[in-house]
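Trainee: I'm new to this one. Could you walk me through how to read it?
Mentor: Sure, let's look at it together.

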Amino acid sequence: MLPTVSRGRTPSHVRSNSNPVFPQYLRRIVKWQQMDIEYTFWQMLHLCTSPKIVYQHTKYHKQTKNQWARDDPAFIVVCSLLLVVSTLAYCTAYDHSTAHAVFVIISVLLFHFYLTGVVVATCCWFLTNNYLREEAPNSHVVEQRVEWLYAFDVHCNSFFPMFVMLYVMHYFLSPLLVAHGFIPVLLSNLLFMVAVSSYHYLNFLGYDVLPFLERTTFFLYPIGIVIILSPILTLSGFNPSRYFMNMYFSQRL
């Protein structure tokens with residue numbers, strides 16, 4: 001007897017993949033009462049201290065929600081607000097024009113965080129799904145793919161420790177870092193090297209936790225490039241702090 005095919009039901013894994021998560025995610029951005037702010041700050045703390053714990057909880061989220069990506073936009077909302085506050089502090093200290101300060105805040109938020117995140121997430125999403133996925137051992141195994149929203153989550157997670165170093169710590173150290181001399185150049189390059197390296201390390205952790213990906217050490221390769229470039233820039237006298245501060249703010253250093 002030939003097996004019958006039910007036309008009225010859809011397999012559970014197909015229903016979960018076709019679920020419009022992204023529109024729900026966007027709708028929750030304007031609903032503070034539906035955001036878990038406490039858990040967001042817990043994630044931010046552990047991303048700076050024990051990032052592997054955060055991605056261990058990502059596995060639990062996959063088991064309970066059947067998706068790797070967050071369904072709570074609280075992280076991106078809080079991170080955006082912190083980015084606005086930190087940029088406003090820079091503008092207060094190093095900018096003389098209110099209109100230019102508003103422009104800087106908007107451009108940093110849109111370009112440093114959102115646009116860069118969309119580009120990086122899209123590239124990583126394309127790369128992982130097309131080149132880093134393990135081959136299914138047989139045709140009965142459900143094919144798994146990296147969700148684009150999860151790739152953007154990985155960017156947000158990786159961005160936060162870098163934000164702490166380059167927007168918060170850098171702000172308080174900026175009087176020293178923008179000074180003339182070899183020591184400010186050395187410290188500035190060291191801070192940028194650690195910040196950028198931490199971004200790529202957390203990026204690696206985000207994809208390494210996915211059981212259906214292989215060769216995820218690819219995401220660690222940029223760290224080697226940063227480590228090589230940092231002493232070269234230091235010996236050449238390039239100060240990234242002075243460069244970026246002069247690029248964005250009206251007060252020339």
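Mentor: Start with what counts as an element: helices and strands are DSSP runs, with at least four residues for a helix and at least two for a strand, numbered from the N terminus. Read that way, the elements of this protein run α-α-α-α-α-α-α-α-α-α. Keep in mind that you're looking at a predicted model.

Trainee: How many helices and strands does that come to?
Mentor: Ten helices and zero strands.

Trainee: What share of the residues is buried?
Mentor: The cut-off to know is that buried means under 20% relative accessible area. Here, 42% of the 253 residues fall in that group. As for the outside, the protein has about 14500 Å² of accessible surface, and 67% of that belongs to carbon and sulfur atoms.

Trainee: And how do I describe two helices that pack together?
Mentor: In general, you give the angle between their axes and the distance between the axes. Take helix α3 (residues 37-49) and α4: their axes are 6 Å apart, at an angle of about 135°. That makes α3 oblique to α4.

Trainee: Which residues meet there?
Mentor: On the α3 side you'll find Y39, W42, Q43, H46, L47 and T49, and they meet P51, I53, V54 and H57 in α4.

Trainee: Staying with helix α4, is K52 buried or exposed?
Mentor: K52, which sits in α4 (residues 51-65), has a relative accessible area of 58%, so it is exposed. Leaving out residues up to four places away in sequence, K52 touches Y201 and L205.

Trainee: How far apart are K52 and V209, in sequence and in space?
Mentor: In sequence, 157 residues separate K52 and V209, but from C-alpha to C-alpha they are 8.9 Å apart. For the protein as a whole, take the contacts with a separation of 6 or more: 78% of them are between residues 24 or more positions apart.

Trainee: Which residues form the nonpolar patch on the surface?
Mentor: The patch is made of I225, I228, L229, I232, L233, F238, Y243, F244 and M247, and together they have about 830 Å² of accessible area. Both α9 (221-235) and α10 (240-248) supply at least two residues each, and α9 gives the largest share, five residues.

Trainee: Can we zoom in on one of them?
Mentor: Try I228, which has its place in helix α9. The cut-off for exposed is over 50%, so I228, at 56% relative accessibility, counts as exposed.

Definitions and conventions
Residues numbered from 1 in each chain as written. Predicted model: local features only at pLDDT ≥ 70, side-chain atom pairs only at ≥ 80, totals over all residues. Heavy atoms only, no water. Buried < 20%, exposed > 50% of the residue type's maximum accessible area, 1.4 Å probe, protein only. Contact = heavy atoms within 4.5 Å. Patch = residues over 30% accessible without salt bridge, like charges linked within 9 Å, V, L, I, M, F, W, Y side chains within 5 Å. Areas by Shrake-Rupley, 256 points an atom, 1.4 Å probe, with all protein chains shown as cover. Salt bridge = Lys/Arg side-chain N within 4 Å of Asp/Glu carboxyl O. Axes fitted to C-alpha atoms, helices over the stretch in contact; angles between N-to-C directions. Parallel < 35°, antiparallel > 145°, perpendicular 65-115°, else oblique.
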